[in-house]
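Please look through the sequence and the model shown here before reading on. The paragraphs that follow take up a few places in turn.

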Amino acid sequence: MDLKPLTDAIAKGNRAEATKLTKAALDAKMLPQDIVEKGLVPGMSIVGEKFKRNEAFVPEMLIAARAMKESMAILEPLLVKAGIKPKYTCVIGTVQGDLHDIGKNLVAMMLKGANLGVVDLGTNVSPQKFIEAAKSSNADVIALSALLTTTMPSMKQTVVAAKEAGLKTKVIIGGAPVTQQFCDEIGADGYSPDAASAVDLVLKLMAA
Ligand code: B1M
């Protein structure tokens with residue numbers, strides 16, 4: 001079965017069509033992991049690329065992510081049954097003292113859209129909580145979001161805590177006041193300016 005119409009349905013955020021085509025792909029005996037990798041993920045990539053070029057905005061991403069979520073709800077039990085897990089896991093959260101979560105949620109959605117495992121710790125997350133979650137989920141990446149200049153120091157504290165804990169987990173950072181220069185200053189492993197680029201960054205770090 002050609003998965004291009006499913007990819008297009010995700011990119012357009014057409015939930016009903018995406019659900020129908022996901023079921024049709026299963027009826028056609030396609031493997032759930034192939035439906036995810038070759039049907040759903042490319043749809044989110046299309047939206048992500050448009051977002052980077054300012055051709056799509058937050059609402060379009062939210063709508064596409066919702067369509068992806070509904071298709072994933074059909075596929076997830078089958079993936080679990082088959083013992084298939086995402087290749088990489090990211091722990092994500094907004095740093096201590098900071099309650100902004102709209103950007104962080106977008107990043108989490110794009111990571112899920114790329115079929116990465118996501119442990120979302122929410123907002124106001126202490127360095128210790130990031131480290132504990134990274135250990136318990138055996139995470140490959142810790143992704144930190146901050147929207148306040150006053151909470152950016154918590155990013156540094158988390159980078160230091162990860163090093164002190166001897167974690168091999170990569171720490172990446174983002175959020176409106178965060179820059180590549182700040183990333184270099186605090187010794188984080190990477191910075192991304194937007195949600196779609198966060199996926200590219202994780203995949204680049206994992207490939208290295
Ligand atoms: Co607040 N707020 N806010 N706020 N708020 C800002 C951030 C502010 C710039 C407004 C201003 O003064 N012009 C200012 C910060 C100034 C500064 O420090 N530089 C500010 C302030 C001061 C405050 C309070 C202190 C206000 C007060 O109480 N006096 C207070 C702090 C509360 C707290 O956190 N402790 C506060 C509260 C709030 C609300 C609760 C009312 C609400 C948050 C609701 C929520 O998130 N659930 C809120 C909002 C909505 C904003 C603005 C208006 C919008 C933020 C937003 O969601 N942007 C914001 C002003 C503005 O930006 N215009 C402002 C949309 C979002 C999609 O963008 O989060 O940047 P963003 O995410 C992007 C990228 O940055 C990137 O990807 C996303 C998508 O591309 N990204 C990552 C984000 N995280 C990433 C992580 C990564 C990678 C990329 O990991 C690797």
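**Cysteines, ligand site and selected residues**

C90 is buried, with a relative accessible area of 1%, where buried means under 20% relative accessible area, exposed over 50% and partly exposed in between, computed with a 1.4 Å probe on protein chains only. This is a predicted model, in which local features need pLDDT of at least 70 and side-chain atom pairs count only at pLDDT 80 or more, whereas totals for chains, interfaces and linings use all residues. Residues are numbered from 1 along each chain as its sequence is written, and side-chain values use heavy atoms, with hydrogens and water left out.

C183 likewise counts as buried, at 1% relative accessibility. How many disulfides does the structure hold? The number is zero, a disulfide being a pair of cysteine sulfur atoms within 2.5 Å. For C90 the reason is distance, because the closest cysteine sulfur, that of C183, is 15 Å away from its own, too far for a bond. Seen from the other side, the sulfur of C183 has that of C90 as its closest cysteine sulfur, again at 15 Å and too far for a bond.

The ligand brings a metal into the model. Which protein atom acts as a donor to the cobalt atom of the ligand? The single donor from the protein is NE2 of H100, 2.2 Å away; donors are N, O and S atoms within 2.8 Å of the metal (3.2 Å for Na, K and Ca), and since water is not among the atoms, sites may look incomplete. H100 itself is found in the loop between β1 (89-94) and α5 (102-113), where helices (H or I, at least four residues) and strands (E, at least two) are DSSP runs numbered from the N terminus.

Around the ligand stand 25 residues, of which the closest are L99, H100, D101, S145 and T149; a residue is counted as near when one of its heavy atoms lies within 4 Å. The elements α5, β3 (141-145) and β4 (170-174) each supply at least two residues of this shell, and α5 gives the largest share, four residues. By residue type, the shell divides into 14 nonpolar, eight polar and three charged residues, with Ala, Val, Leu, Ile, Met, Phe, Trp, Tyr, Cys and Pro counted as nonpolar, Asp, Glu, Lys and Arg as charged, and the others, Gly among them, as polar.

Backbone atoms of the protein also approach oxygen atoms of the ligand. A polar backbone atom of T149 is 2.9 Å from an oxygen atom of the ligand, a polar backbone atom of A195 is 3.2 Å from an oxygen atom of the ligand, and for a backbone N or O atom of A176 the distance to a ligand oxygen is 3.3 Å.

Two glycines lie in strands. G190 belongs to strand β5 (residues 190-191) and counts as buried at 5% relative accessibility. Leaving aside neighbours within four places in sequence, G190 is in contact (heavy atoms within 4.5 Å) with V171, I172, I173, C183 and L201, and so the cysteine C183 appears again in this list. The C-alpha atoms of G190 and G93, 97 residues apart along the chain, are separated by 16 Å. G117, in strand β2, is buried with a relative accessible area of 14%, and beyond its neighbours within four places in sequence it is in contact with P86, Y88, T89 and C90.

Two asparagines have a positive phi although neither is a glycine, N115 at about 65° and N138 near 55°. Are these residues buried or exposed? N115, in the loop between α5 and β2 (117-120), counts as buried at 18% relative accessibility, whereas N138, in the loop between α6 (127-136) and β3, is exposed, with a relative accessible area of 63%. Apart from neighbours within four places in sequence, N115 is in contact with V36, E37, V41 and P86, and P86 is also among the contacts of G117.

Finally, S71 lies in helix α4 (residues 58-81) and is buried, with a relative accessible area of 0%. Setting aside its neighbours within four places in sequence, S71 is in contact with I10, A18, T19, T22 and L40.

Conventions: A polar contact is a pair of N or O atoms within 3.5 Å; within protein, one must be able to donate a hydrogen and the other to accept it, and residues adjacent in sequence count only if both atoms are side-chain atoms.
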